[in-house]
2 protein chains.
Amino acid sequence: MVSDVEKNLVVGIDVGGTGTKIGIVDARGEILARDESIATPQYTDFNEFVDAMNSVVQRLISEVGAEGRIRGIGIGAPNANYYAGTIENAPNLPWKGVLELCKVFSEKAGVPVYTTNDANAAAIGEMTYGTAKGMKNFIVITLGTGVGSGIVINGQLVYGCDGFAGELGHVTMVRGKQGRLCGCGGRGCLETYCSATGVARTAKEILKADKTTPSALRGIKNITSKDVFLAAKAGDKIAKEIFKQTGTMLGEAIADFIKFSSPEAIILFGGLTRSGKYILDPVKKAVDKNVMPIFKGKAKILISQLKDSDAAILGASALAWE
Amino acid sequence: MVSDVEKNLVVGIDVGGTGTKIGIVDARGEILARDESIATPQYTDFNEFVDAMNSVVQRLISEVGAEGRIRGIGIGAPNANYYAGTIENAPNLPWKGVLELCKVFSEKAGVPVYTTNDANAAAIGEMTYGTAKGMKNFIVITLGTGVGSGIVINGQLVYGCDGFAGELGHVTMVRGKQGRLCGCGGRGCLETYCSATGVARTAKEILKADKTTPSALRGIKNITSKDVFLAAKAGDKIAKEIFKQTGTMLGEAIADFIKFSSPEAIILFGGLTRSGKYILDPVKKAVDKNVMPIFKGKAKILISQLKDSDAAILGASALAWE
């Protein structure tokens, strides 16, 4: 016999600039069915995109026999506004302006629809199914193409007065003109140093400044954090220096975040964390060096244990349990 | 006839390194009786200090006929831990170690006693009686001898996992060795630039670097922010430059705080705010320049309207209403 709790299911959707992933998720965080067939840029009309998502959702529901058991749909999307249920002026999506995502979708699907940005969804995912289960104060930092963050304080996600709180990828780490130009229009943002693209920029800079130290990274055209990781593992000095600089700056930023909300843990998430200790060691060292004595040794620096391929769907789905 | 709500009163106490202020406060934020006679450093024994506070409290209660009407006592104190009800290793107080302030005091006074640091008390005071009435997301920044902060998110004060969140005076504004040495042991903390002592340091630096521009500040031995204000008002270029540098850095820091919690308002509090537009204009300009487009024009930058002489007592007293 299936209990009432086990009967309840949610849908998690990750709307990305290239693809949209959809999954049916149970209360334990198991993905019962999934679909990754929707290519986001194919839909020039937003309503057609919502129709496409809805028809996939309905198909997955009938595949797992989940008719009448769906409590809601949670969607992680760029520039999503949790309060308004909208996507607002997202530069990487094909539709401009303010899009009434939750209203339009819930009318079609007949269940409540919630949305927030992907980093906030990751934080809710960690709290519901992951490393942050039971924590009341923590920060998830997503290290992907950009740097995002989801902040939880007193057990609640921090949305701020407008739904857009938690843009920690854009705190200024290098002030003035020497700061790297950021996609947000500013200079010196954390994201321009500690994202995948930031690591590639740092690699280029270091290789240009040091033309003599041998490195496996020389000659690679588009250096990825995986290239740097593999090189560092093989003992490459330049690769280690790239991780040292990246991790040190990330740790300096985290030390400031700790002074703000004194979290129990900082959970790192995304591609860069696959480099393990090469990134984690300098982060921890810089955090310890830059917090005040009162905070030393308190906040744990952890790596997310959610599988990368599942995390976006799980994070979004967790919105619908709240 | 006095209604029940009007009957209820609280006690607010501000424990400072030099003096301790005590007041009886009603629900409207009127201070019905006050005492500023306790010189903190006179008491080498912590228990005697609590006895002294308690006897003043009992005298004030009988003065206003408040017997049986006191709901609680709120205390703002350096290094106070809200969760534990303790003062922990406060460098500016005569007693070392961890002091069981709330436990000891409530046993003597017979009513509940609450404590937090002075900046958090200021934030609760603003929310209860001041500019932040009705706001759910705001940050109070206290600009005094040091720089402190009290952060409110979702209508709750942010204490973090250990009670010590909100140390925004110690975010790093100038990284590396060129950052000014801070009392916390770090370098480049906001407090070393935007506090009263920070302004004096900036004044010295600017006067040393520019020996030709005439200024009323030359020859003043210990420059205060009041000196700088009076000079700026009289058109002094050096004084205006001091405010410009101070306000710009404060605005850059505030821009990063906005990226964290997207507050409705930032409320500035303390001595430096008496300089009005001289400090406020560069702050607003720097905030606007350093936030992302999504945040532009949203967070109001306000100056506290609580009277300086009352604010510490009111802030502390508000703790006891919570």
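This passage describes the symmetry, the enclosed cavity and the nonpolar core of a predicted two-chain model. Local features need pLDDT of at least 70 and side-chain atom pairs pLDDT 80 or more, while totals for chains, interfaces and linings use all residues. Residues are numbered from 1 along each chain as written, chains are lettered from A in the order written, and side-chain values use heavy atoms, without hydrogens and water.

Chain A superposes on chain B by a rotation of 180° with 0.0 Å of shift along its axis, at an RMSD of 0.1 Å (least squares on C-alpha atoms of residues with pLDDT of at least 70 in both). The two copies are therefore related as by a two-fold rotation axis. Both use the same surface, as 97% of the contact residues of chain A recur in chain B (contact means heavy atoms within 4.5 Å).

The structure holds 1 cavity of 30 Å³ or more; on a 1 Å grid over the protein atoms alone, a cavity is a set of points where a 1.4 Å probe fits but cannot get out. The volume of the largest cavity, the space filled by probe spheres set on the points, is about 160 Å³. Among its 18 lining residues, Val171(A), Asp256(A), Val171(B), Asp256(B) and Phe257(B) are the closest to its centre (lining residues have an atom within 4 Å of a point).

Turning to the core, Ile254(B) touches Ile141(B), Ile266(B), Leu268(B), Val283(B), Val287(B) and Ile301(B), leaving aside residues up to four places away in sequence.

Note on methods
1 Å grid on protein atoms, 1.4 Å probe; cavity = no way out; pocket = protein on both sides within 12 Å on 5 of 7 lines; lining within 4 Å.
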